[in-house]
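Work through the exercises below with the sequence and the model at hand. Each task is followed by a stepwise solution.

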Amino acid sequence: MRYPYKEIEEKWQKYWEDNKVYKTDLTNTKDKLYSLVMFIYPSGAKLHCGHWYNYGPNDSWARFKKLKGYNVFEPMGYDAFGLPAENYAVKTGIHPYDSTMTNIDDIRVQLKSMGCMYDWDSELKTCEPEYYKWNQWLFLQLYKKGLAYRKNAPVNWCPKDQTVLANEQVLSDGSCERCGTTVIQKNLTQWFFKITDYAEELLSGLEEIQWPETTKKKQRNWIGKSTGADVKFKIVDSDKTMTVFTTRPDTLFGVTYVVIAPENPLVNEIVKEEYKEGVANYIDSVKSLTEIERTSTVKEKTGVPTGAYVINPVNGEKVPVWISDYVLATYGTGCVMAVPGHDERDFEFATKFNLPIKKVILIPGGDANAPLTEAYTDPGIMINSGKYTGTESIHGIIQIITDLEAANAGSKKVNYKLRDWLISRQRYWGTPIPIIHCPKCGEVPVPEDELPVKLPYDVEFKPNGMSPLAGNDEFMNVKCPKCGTDSKRDPDTMDTFVDSSWYYFRYLNPKISDSPFDKDLAGKWTPVNMYVGGAEHATMHLLYARFIHKFFRDLGYVHSKEPFSHLVHQGTITNQGAKMSKSKGNVVSPNQFTSKFGTDVFRLYLMFMGPYEQGGDWSDKGITGTERFVQRCYDLFFKYENLFIESELKDSFDMHELKEEEKSVYKRINQTIKKFDEEIDHFRFNTAIASLMELLNELTRNLESCSKGLQLYALERLNIMIAPIAPHLAEECRSLLGSAETIFEHPVWYEPDPAALVEENVNIAVQVNGKLRSTISIGINLSQEQAKSIVFADEKVAKHLEGKAIVKEIYVKNKIYNIVVK
């Protein structure tokens, strides 16, 4: 009989929903498990294969855990604010709220059709005032603690999207991550969250979480901790000093020039008259470059002298001051000392501009007089360094810092590359910033009892470089809460990464109205046990969520230190080599496959494609293979209909009482349980499914020869393993067997019988003169004499022994039999 997937999937989805099978009892914290996927952005493209690849396999893992006895919480919601909906409004005239809500309704239907066990009572949408009110509350708590502030700063600006981008949203080639437009620099007054205050804790906390090492490495590099010293260089003909940060104080004697950032305020104070025009022209030429472009290691180094000099505090030498765009005002002090002999960038710069190069660190065993042809950047022995000459550079660092501190010429210092989180966006479809600008009082927070500051519906969306909210007088014009003076609201909205920085808390009680989340439930259910999502969020969402979690901890709302204890990245499903997106026109809709094969077949196919972390380019060539597997499973269970009624389900069998075919089935079913358990628990879905396919072959061959009791034993266990990866099929097959209980209402998992896992035979390699000549199955732990009789009887081995004298035999029990002949 043809597997009627449409009828069966509709039947079980209705049953699950009507009976609230997936409603989690959050008051029951025994064996609790919070399983979460990164929530979906509700775009007009709806769900594509990449979404399925994220959601389907993770749901299978969560179902597996539910069968194992865990109280699993698996919610779903919508990351509903964002630029695409606003751009769509500009293009079509359809309001972002209207298009987003329509998309959410469509996507919800798609998600339910997948058969995932989401607790729909916990659904949330970040664009609803009930949610974003707490974004604004969070902003105000950060503001009270001095962790939200406003300043004028050079920012990344996307000319096409007409908005500011965080450094994390600019690609390595200097383009906008969303639209690909070349990003420029602008000076704007913007809001920032002071994530840098948590830099050290964000770094150390990485040791406490089970995340992919590549992701942890990205965060370590992004935070960029550097330990070194601040060194004071006195400016010649001035009573001021210039402070530089260096991680290599041992190279101070090799400084031949100093470089400061073009936007450093010191430039205007120190530049000499005859150099002013050249400096001004240079500053003008680099002001549109992004930080990523400026710090690129492949970009040609540029710069101009200022005519000013500073005094090196360790040897009193006068060295020139240059400006160059590779130095950033926002990192360290905005000034760096240049040691071209021992820094590749400085060597390149000095070579180009014919500046002196000094050797002050010698490679052990090297020639102190040999000219440098490239920078030597490793530790070594200090030379040409006054009293420190002959000192190992590692010890010299400590000695020089000590002496600088004693002379009040420097101090030990820790620096971080991490910048504060720029959260201002000049767009409409986001959370309004809860600040009022009063001509008398300045910045005034909106009183908490007046939250939410609601996003108005009637707004002009055409981007003009200013926030669309600025054109809505009814929204903008307001009285100052302090003095009553006519004032203006802040016209910007928040970065949507604020929305996703704490949403996992809200799922636990999305209807709560007097708090951002239920503190009691959050204390019991967080951190999230398993979080699954894209690796592209390593230095954005995943870093911001860690910061905000720690902030909530400091407010006393939770006691845990991290939001997500375990993290898995699914691979990316590409199409024609590019990530699927509506803008690229390469989205593959799952509907064309689910309508033809059913959702279980499609889920199985995605999981069987290859290792989950790798993903791959989309191809539907193998989907008929998983369709065949589902059909064969259904046929097998249909053949043994009502077996629960005809037989009793036993816990185990005595293998000594089983026939050979029965023994083969019994051993294979138990071996598969062990294999499947290990594989699916570690997200190795492809190999887990492969083990079931092998088991199905075994049952097809030998199940008919088994007793009814063993038939039920095998089919019940096969079905329970099918359940997490093809839930509709499994529920139907359980029903066919005549069980009165559904699987996910009465979850169960079977442990393998240890006796059935004991191997009776083992494959050993047989070598003749070191070359593999055969692989033979023999009894386990046989003596050499017993093994020899079997080995020498093998035709392949005998062929290579014929007419030759045996010199030596080496037998490693259960592994290898080596024969030396001449």
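**Exercise 1.** Determine how helix H18 and helix H24 are oriented to each other.

Step 1. In this predicted model, H18 covers residues 599–608 and H24 covers residues 727–736; helices are DSSP runs of H or I with at least four residues, strands are runs of E with at least two, and both are numbered from the N terminus.
Step 2. Their axes come within 7 Å and cross at roughly 125°.
Step 3. H18 and H24 are therefore oblique (under 35 degrees is roughly parallel, over 145 roughly antiparallel, 65 to 115 roughly perpendicular, the rest oblique).
Step 4. Thr 599, Asp 600 and Arg 603 of H18 meet Pro 727, His 728 and Leu 729 of H24 (contact: heavy atoms within 4.5 Å).

Residues are numbered from 1 along each chain as its sequence is written. Local features need pLDDT of at least 70, side-chain atom pairs count only at pLDDT 80 or more, totals for chains, interfaces and linings use all residues, and side-chain values use heavy atoms, without hydrogens and water.

**Exercise 2.** Explain why Cys 116 and Cys 179 form no disulfide.

Step 1. The whole structure has zero disulfides (cysteine sulfur atoms within 2.5 Å).
Step 2. For Cys 116, the closest cysteine sulfur, in Cys 49, is 14 Å away, too far for a bond.
Step 3. For Cys 179, the closest one, in Cys 158, lies at 3.5 Å, also too far.

**Exercise 3.** Find the edge strands of the open sheet S2-S1-S24-S25.

Step 1. The four strands pair in parallel, in that order (pairing takes at least two DSSP bridges).
Step 2. S2 (71–73) and S25 (567–568) each have a single partner strand, so these two stand at the edges.

Definitions and conventions
Axes are lines fitted to C-alpha atoms, for helices over the stretch in contact, and angles run from 0 to 180 degrees between N-to-C directions.
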